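This report walks through a few selected residues of one protein model. Have the sequence and the 3D view open while reading.

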Amino acid sequence: MTTLKKVKPIETYMGRLRHGGDLLEEITDFCIREKIRLARIEALGAVQKARLGYYNQETREYQFFDLQRRLEITKLTGNVSVRDGSPMVHAHVTLADDEGKCFGGHLAQGTVIFACELIVQAFKGPLFERGYDEDTGLPLWDMEQ
Ligand code: ZN
């Protein structure tokens, strides 16, 4: 069933991420530090290299691939919710090369920041907790709570 719930914007944070840091870890660490459990995130910038995932719907496993090149972050979009009691960042990115050709996927650990400007819009609202979803095999939001 399609279910959406109301959330209310509270704080919005804007900042720059550390050169050489891991993109997913830096965002996750920030959310843990600020106790952000519900948010939308958006970023742009550039990476020195990237590791992305593609969820194979047949095998129900992520296939990860590495891009050993310097790329622009043309768009990072995602959300923050709760998994196993702590904040979890789920983000997808589109990365462009020197000809504007793009790669995209599920952001994984191993993506190294060259420069990154991040916006985190925190919400208050019901608990969005991830649990195993039978239909997809993914840790999706349990909307029954
Ligand atoms: Zn994903």
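Apart from its neighbours within four places in sequence, Asn-79 is in contact with Ala-39, Arg-40, Ile-41, Met-88, Val-89, His-90, Arg-130 and Trp-141. The model is a predicted one, and the values below are computed from it. Asn-79 belongs to strand S4, which covers residues 71-83. Its relative accessible area is 18%, and because buried means under 20%, Asn-79 is classed as buried. One of the residues it touches, Arg-130, also makes a polar contact with it: the two side chains come to 3.2 Å.

**The zinc site**

His-90, listed among the contacts of Asn-79, is also a ligand of the zinc ion. Which atoms coordinate the zinc ion? They are NE2 of His-90, NE2 of His-92 and ND1 of His-106, at 2.1 Å. Along the sequence, these donor residues follow the spacing H-x1-H-x13-H. The pair His-92 and His-106 links distant parts of the chain: His-92 sits in strand S5 (residues 86-96) and His-106 in strand S6, 14 residues apart. Their accessibility can be compared with the cut-offs. His-92 has a relative accessible area of 38% and is therefore partly exposed, whereas His-106, at 15%, is buried.

**A threonine in a loop**

Strand S6 spans residues 102-107, and the loop between it and strand S7 (112-124) holds Thr-111. Is Thr-111 buried or exposed? Thr-111 is buried, with a relative accessible area of 1%. Its side chain has polar partners in the backbone. The backbone nitrogen of Arg-51 is reached at 3.0 Å, and the backbone oxygen of Ala-108 lies 3.3 Å from a polar atom of the Thr-111 side chain. Not counting residues up to four places away in sequence, Thr-111 touches Gly-21, Asp-22, Leu-23, Val-47, Lys-49, Ala-50 and Arg-51. Arg-51 thus appears both as a polar partner and in this list of contacts.

**Cysteines without a bond**

A disulfide is a covalent bond between the sulfur atoms of two cysteines. The structure holds zero disulfides. Why is Cys-31 not bonded to Cys-116? The closest cysteine sulfur to that of Cys-31 is in Cys-116, and the 12 Å between them is too far for a bond. A disulfide would need the sulfur atoms within 2.5 Å. Seen from the other side, the sulfur of Cys-116 has its closest cysteine sulfur in Cys-31, again at 12 Å. Both residues are buried: Cys-31 has a relative accessibility of 0%, and Cys-116 has 2%.

**Two positive phi angles**

Most residues other than glycine have a negative phi. Two residues with a positive value are set out below.

| Residue | Phi | Place | Relative accessibility |
|---|---|---|---|
| Lys-35 | near 55° | loop between helix H1 (23-33) and strand S2 (39-56) | 70%, exposed |
| Arg-60 | about 60° | loop between S2 and strand S3 (61-67) | 35%, partly exposed |

Neither Lys-35 nor Arg-60 is a glycine. Lys-35 lies in the loop that leads from H1 to S2, while Arg-60 is found in the loop between S2 and S3. Exposed means over 50% relative accessible area, so Lys-35 at 70% falls in that class. Arg-60, at 35%, counts as partly exposed.

Definitions and conventions:
Residues numbered from 1 in each chain as written. Predicted model: local features only at pLDDT ≥ 70, side-chain atom pairs only at ≥ 80, totals over all residues. Heavy atoms only, no water. Helix = DSSP H or I, 4+ residues; strand = E, 2+ residues; numbered from the N terminus. Buried < 20%, exposed > 50% of the residue type's maximum accessible area, 1.4 Å probe, protein only. Polar contact = N/O pair within 3.5 Å; in protein donor to acceptor, adjacent residues only side chain to side chain. Contact = heavy atoms within 4.5 Å. Donors = N, O, S within 2.8 Å, 3.2 Å for Na, K, Ca; no water.
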